[in-house]
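Hi,

Here is the structure I said I'd pass on to you. Have a look at it first, and then read my notes below.

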Amino acid sequence: MVLALTATGAVLAPPALAYAEEPLRVDLRADVDRDGRVDLTGDTDTAGENTWSVERGAVFLPNIDDDSKRCPTTGPNGAQLSDKKLAGCNDASDKKVNGRADAADLARVRSVPMTNLPSDAKGSVKVTKGAAQTRVFIKRNGSWKPVTSQTRLTRAELRAGVEFGVEGKDVIRDSAKWDGRTAIRLKVTSSSGTASDTVTLRAAPLLTHHALQNTQQLLVTKVKGDDSWAKHQRKFVKNLEKEAQQAGITKPLVTFEKYGDIWAQDFVEPAYLNMTGTDGRQRTMRVMLRSAQDREAGRELFEKMRGPDIGVVQAKGRDMQGWETLNSYGNLETIPPYAHNGRSFPAGRIIMGERRDGSGIRPSKEIRTLLKSQGLQDPLLLDTSWLHVGHVDEFVQFLPADTPRGWRIGVADPEAGLRLLRDAQRDGHGATRMFSVPGFDGQQAPTETVDQALASRYLVSDNTMAAEKIAANLDILKRETGVTDEEIVKVPALYTRGTETGDEGTRVPLLRRLGGSAGPEAAEEHGQQQFLGRDGTPATGSTPSAAPAPAPNTVMTSAYVPGAVNGILLSRDRYLAPRQWGPVIGGKDIFTEAVTAAYTRAGMKVSYVDDWYTYHLGMGEIHCGTNTLRDASAAWWKR
């Protein structure tokens, strides 16, 4: 090498960095700002890349759908698969990316291209947190390959920049065991040194729907058979379809037809996961949350619904052995988004009922833990000790409203129900039949009169008690949400104890007492009371398990007049209620008139469908017998 000399003969030094190698600098990036792109320039996806909050931080999907429909629903020769095997298959249960749709479920992580790398540079990838719950793929030659401990990145790959895909193997089940976070580290080594960078992502939370999300599709069980009750139930399904179409719901009904469990609200809770896809739009995965009950109908979620962009989650272990009614999802509703007293719930907040009667009975601990562990919808427990079935949907609902909050509470009002009867009696209509419902299949309809109802042993006291219990629960909701009395619509209702002691000392089901000889055996077979067992022993055949034994001095009730709040929100301003079949005075059903007026004041257009013999006599209404899939495309981190 020839060195230049100065005029004085000194050696002229070369430029300072002419032969010095640049230090290694590894820069691994994820979609921290959740716009669907991993930005390799600027700092939009670097600030906070090692932390995570509701507002900022990279998100990945638990990849629990079945995009290629590869998961079996039966075994060899059509044999029934176990619940465990049904739940054990999804897109994350193998080490492959099953096509383009499956690739779209991967959250992307990219490395900034590294120039001036030494010739011996190589890289490695390691999941330093959440490795058991996540899987990382590397994109090579247009295809995705799983990253293992043996995976090495070449100098050429590091110079060009590498793309990774991240999937979750399951939803967050228990944040004390795994909080949903995964940390991915890219490490580069060479003769000139070692450098690394780490990014943190979190699994998208599993969220339940709320009333501000538009209804897109209805779910209902369609019973098979040629008997009159089955035909009557299918007539209900047909009427439901007509109501959905008139409300502008264009997607056809999803009908469960295999297992005959008519309580479609109870064995499944539709939920969802979403993140921003690479196209900048929300990528939503529906998740059918199976109830923590050993009821066969939950199997049809895997057999009929699981597929592209639809996954199923079920409880594990001992929780699936019981038939506890509080584990039915009629006992799970969601308050729409709100913020109050320093707490914010941008995706809404779950409510569930518990028995505050000294029995200590609550919904499944596993499910409550799962819901709370998502970190957004912390379940709020209300007292449903006074209800025989014990579900929150028997007395409370949430409705869209043109208010600053955007929603209001609809609540059953037993005092208003009693006033309707007393006013009718005062005006000389005490001899009017309490129920205008016709007989069924040649059997006699209920015959009690308004006078007889008011003079009965328990009706007034039961509804006075129910009103007190509802008021106490409403106080909790007002305190937690800030809702005022002006944001509450009270809907006339009546309750009566679900069972009473007969002369023979046995407990008489509500459907027999209300319907007399008109309570068909089919209603008893399909009634919600068959899921009321407390001893963890499933009911067998069509025989109901033992009804829950109340604590001393506890009265448990069910709807006397079909519960109007136990209906379906078809659209923002259309509501479907169970037909009231109340006393008809002057040619008008006084309960229908009062219920319609209450919802009209709340800005809702009300229609009615008959559910007396199909659901009401089984201790439920049309909400208990149906379910809704709602629009979940909005980002849960924004309000």
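**Charges, rings and a lone arginine**

Let's start with an arginine on top of a ring: R202 lies over the face of W52, 4.9 Å from the ring centre. Keep in mind that this is a predicted model. W52 also belongs to a cluster, linked by ring pairs to W636 and W637. You'll find another charge over a ring at Y458, where the charged end of R497 sits 3.4 Å from the ring's centre.

Now for rings meeting rings. The count of aromatic pairs comes to 13. Take W263 and Y615: their ring centres are 5.4 Å apart and their planes sit at 75°, so this pair is edge-to-face. W263 is in the loop between β12 and β13, while Y615 is in the loop between β32 and β33, so the pair ties together parts that are 352 residues apart in sequence. Both W263 and Y615 are buried.

On to salt bridges. A search of the whole structure turns up 34 of them. One joins D83 to R299, with the closest N and O atoms 3.0 Å apart. D83 lies in helix α1 and R299 in helix α5, so here the parts being tied together are 216 residues apart in sequence. R299 is buried, with a relative accessible area of 4%. D83 and R299 are also part of a network of salt bridges that includes K258, R290 and E303.

R283 and D105 make another salt bridge, at 2.7 Å from N to O. R283 is in strand β14 and D105 in the loop between α2 and β3, so this pair ties together parts 178 residues apart in sequence. Both R283 and D105 are buried.

E354 and R356 form a salt bridge too, with their closest N and O atoms 2.7 Å apart. E354 is buried, at 8% relative accessible area, whereas R356 counts as partly exposed at 41%.

So which side chain of opposite charge is nearest to R306? That's D66, but at 4.7 Å away, and R306 has no salt bridge even though it is buried. The cut-off for a salt bridge is 4 Å, so a gap of that length doesn't count. What R306 does have is the backbone oxygen of C89, 2.9 Å from a polar atom of its side chain. You can find R306 in the loop between α5 and β15. Leaving out residues up to four places away in sequence, R306 touches several others, including K69, P72 and L301.

Happy exploring!

Key
Residues numbered from 1 in each chain as written. Predicted model: local features only at pLDDT ≥ 70, side-chain atom pairs only at ≥ 80, totals over all residues. Heavy atoms only, no water. Phe/Tyr/Trp six-rings, centres within 6.5 Å; stacked < 30°, edge-to-face > 60°. Helix = DSSP H or I, 4+ residues; strand = E, 2+ residues; numbered from the N terminus. Buried < 20%, exposed > 50% of the residue type's maximum accessible area, 1.4 Å probe, protein only. Lys NZ or Arg CZ within 6 Å of the ring centre and 35° of its normal. Lys, Arg positive; Asp, Glu negative; His and termini not counted. Polar contact = N/O pair within 3.5 Å; in protein donor to acceptor, adjacent residues only side chain to side chain. Contact = heavy atoms within 4.5 Å.
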